[in-house]
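Hi,

Here is the structure I said I would pass on. Have a look at it first, and then read on for what turned up.

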Amino acid sequence: GRQIFLATLRLGSVPSVLSTCGMQFSLRTFRFGGEDGGESVEVTTPELGAGTSLPGILAAKCGASVTLTDNCHLPCCLENCRRSCEVNGVSEVKVLGMTWGQVSPAMLTLPPVDVILGSDCFYDPKDFGDVLATVYYFMQQNPGAKFWTSYQERSSDWSIEPLLKRWKLTCIHFPLALFG
């Protein structure tokens, strides 16, 4: 079988971890094409807040043109993304420092995108607005783009619905069971 290797790091006493929803998102969204008879689709995608980079690396392994992004103020996170790319043989994947809610000159260098990946970006309510502002920016620059995200519900009191309305975005919920 095929293997994906993930580099991990510690930020102080907190290790980078792959959330359950990140794993489920990756395993159920991308399928390998080519030699096993599957169809390969060309997709250009940035992954927001890449962390361990699993969705982006898997997308690259499937043939997508991928840019991994993580906090520009945490160079160790960006190095972690590069290491994950290196050990998985996807050296063509770009790594870009980007902070949610801020448009940086580096963002202007990205090619047009088809899909924006965001696995478990909605883990802290203080970041919800910045994540959606970043998604909104990408969607304004790329009107046909879609934002594919997964999340783990941490509190029934937290919601992105008011922010979706603010940014004039809509959400379609796909239950995990639909992915088989």
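The largest nonpolar core of this predicted model has 22 residues, and the ones touching the most other members are Ile 116, Phe 122, Val 131, Leu 132 and Phe 138. Helix H4 (125-141) and helix H5 (161-166) each put in at least two residues. H4 gives the largest share of this core, with seven residues.

Phe 122 is a good place to start looking around. Skipping its neighbours within four places in sequence, Phe 122 has contacts with Phe 128, Val 131, Leu 132, Phe 147, Thr 149, Arg 154 and Ile 160.

There is also a second core, separate from that one, with 14 residues; Ile 57, Ala 60, Leu 68 and Leu 78 are among them.

Two of those names take us to helix H2. This helix covers residues 54-61 and is mostly covered, with seven of its eight residues buried. The buried ones are Leu 54, Pro 55, Gly 56, Ile 57, Leu 58, Ala 59 and Ala 60. Just past the end of H2 you will find Gly 63, which has a positive phi of about 105°.

Next along, strand E4 (residues 65-70) runs parallel to strand E5 (residues 94-97), and four bridges join the two. If you want a landmark in that pairing, Thr 69 sits opposite Leu 96 of E5. With helix H3 (residues 75-87), E4 and E5 form a β-α-β unit that is right-handed.

Now for the charged side chains. How many salt bridges does the structure hold? There are four.

One of them is in H3, where Arg 82 meets Glu 79 at 3.7 Å, N to O. These two are three residues apart in the helix, so about one helical turn separates them. Arg 82 is partly exposed at 39% relative accessibility, and Glu 79 is partly exposed too, at 36%.

H5 has a similar story to tell. Glu 161 and Lys 165 form a salt bridge there, with their closest N and O atoms 3.9 Å apart. They are four residues apart in H5, which means that about one helical turn lies between them. Glu 161 counts as partly exposed at 47%, while Lys 165 counts as exposed at 61%.

Finally, look at Lys 126. Its salt bridge with Asp 124 has the closest N and O atoms 3.9 Å apart, and a network of salt bridges links Asp 124, Lys 126 and Asp 127. Lys 126 is exposed, at 63% relative accessible area, whereas Asp 124 is partly exposed, at 25%.

Cheers

How values were computed:
Residues are numbered from 1 along each chain as its sequence is written. This is a predicted model: local features need pLDDT of at least 70, side-chain atom pairs count only at pLDDT 80 or more; totals for chains, interfaces and linings use all residues. Side-chain values use heavy atoms; hydrogens and water are left out. Two strands pair if DSSP finds at least two bridges between them. A crossover is right-handed if, with the strands pointing away from the viewer, the path from the first strand over the helix to the second runs clockwise. Buried means under 20% relative accessible area, exposed over 50%, partly exposed in between (1.4 Å probe, protein chains only). A nonpolar core is a set of buried Ala, Val, Leu, Ile, Met, Phe, Trp, Tyr and Cys residues joined through side-chain atoms within 4.5 Å. Contact means heavy atoms within 4.5 Å.
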